Amino acid sequence: MKDTHKHKGLRNQLANIINAKGITDENVLVALRKIPRHLFMDSSFEAHAYQDKPFPIAAEQTISQPYTVAFQTQVLKIKKGDKVLEIGTGSGYQTAVLLEMKAEVYSIERQKELFKKTSLFLPKLGYRPKKLIFGDGYKGLPKTAPFDKIIVTAGAPYVPKPLLSQLKVGGMLLIPVGEDTQVMTLFIRKSPKEFEKHELGDFKFVPMLEEKN
Ligand code: SAH
């Protein structure tokens with residue numbers, strides 16, 4: 001596991017590109033400059049790590065595009081001590097970004113292979129989520145709720161009710177909704193029964209899959 005000056009230089013360039021695309025949250029940019037994204041993918045694909053695009057990882061899944069990770073993190077205004085639930089741990093890259101922002105992170109992954117791999121990998125880089133869970137994101141994490149922020153990193157065919165109900169009042173759920181392409185959708189819980197909804201543009205994610213039986 002090597003991180004060199006060359007990698008750091010490439011990361012700075014990537015952060016500048018993402019800044020030019022409209023990401024201005026300085027903490028997000030600092031995290032992008034710091035996290036060795038090349039180590040989150042297979043070493044033979046290192047050359048792709050610092051381009052602003054998604055890339056295949058294990059189990060037919062992808063590491064999200066850096067811009068998308070930055071966008072979701074910026075929208076959620078992650079701050080120190082936020083209790084955050086992530087659906088779709090995948091490579092753990094988004095998890096690492098949340099941890100760099102000093103959030104308390106719980107993350108669910110339904111692919112066993114990825115769950116195992118990422119559970120071993122993140123601590124090697126010094127990243128310590130509160131908990132990584134092997135399970136079904138549609139259910140959220142009722143025992144640990146409520147959360148300040150919930151971030152879904154797979155394309156959901158509909159908005160799972162449990163995720164809305166696991167938000168604190170004032171909390172935010174950010175979820176890409178749709179089958180083929182997804183509309184990035186933000187829900188803000190205004191009161192126990194009221195949610196404000198904002199649509200924030202089209203994105204493309206791998207599908208959020210229903211529980212395996
Ligand atoms: N945050 C990840 C993105 C990975 S892609 C990263 O930065 O690399 C989306 C991930 O969601 C995949 O790993 C996929 O296996 C997972 N996923 C899909 N459906 C899920 C579900 N129902 N519950 C939990 N995770 C799910």
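I began with the charges over rings, and found that in this predicted model the charged end of Arg-37 sits over the ring of Tyr-93, at 5.6 Å from the ring centre. I then asked which other residues Tyr-93 keeps company with, and noted that Tyr-93 forms one aromatic cluster together with Phe-40 and Phe-121. A further entry of the charged kind concerns Lys-83, whose charged end lies over the ring of Phe-147, 5.5 Å from the centre of that ring.

Next I turned to the aromatic pairs, of which the structure holds eight. I looked up Phe-71 and Phe-203, which make a tilted pair with 5.1 Å from centre to centre and 40° between the planes. I located Phe-71 in helix α3 (residues 66–75) and Phe-203 in strand β9 (residues 195–203), so I recorded the pair as a link between distant parts of the chain, 132 residues apart. I also checked the burial of these two residues, and both Phe-71 and Phe-203 are buried.

I then went to Tyr-138 and Tyr-158, whose ring centres are 5.5 Å apart with the planes at 40°, and I therefore entered this pair as tilted. Tyr-138 belongs to the loop between β5 (131–134) and β6 (147–152), while Tyr-158 belongs to the loop between β6 and α6 (161–165), so the pair ties together parts that are 20 residues apart in sequence.

Are Tyr-138 and Tyr-158 buried or exposed? I noted Tyr-138 as buried because its relative accessible area is 6%, whereas Tyr-158, with a relative accessible area of 40%, went down as partly exposed.

Terms used:
Residues numbered from 1 in each chain as written. Predicted model: local features only at pLDDT ≥ 70, side-chain atom pairs only at ≥ 80, totals over all residues. Heavy atoms only, no water. Phe/Tyr/Trp six-rings, centres within 6.5 Å; stacked < 30°, edge-to-face > 60°. Helix = DSSP H or I, 4+ residues; strand = E, 2+ residues; numbered from the N terminus. Buried < 20%, exposed > 50% of the residue type's maximum accessible area, 1.4 Å probe, protein only. Lys NZ or Arg CZ within 6 Å of the ring centre and 35° of its normal.
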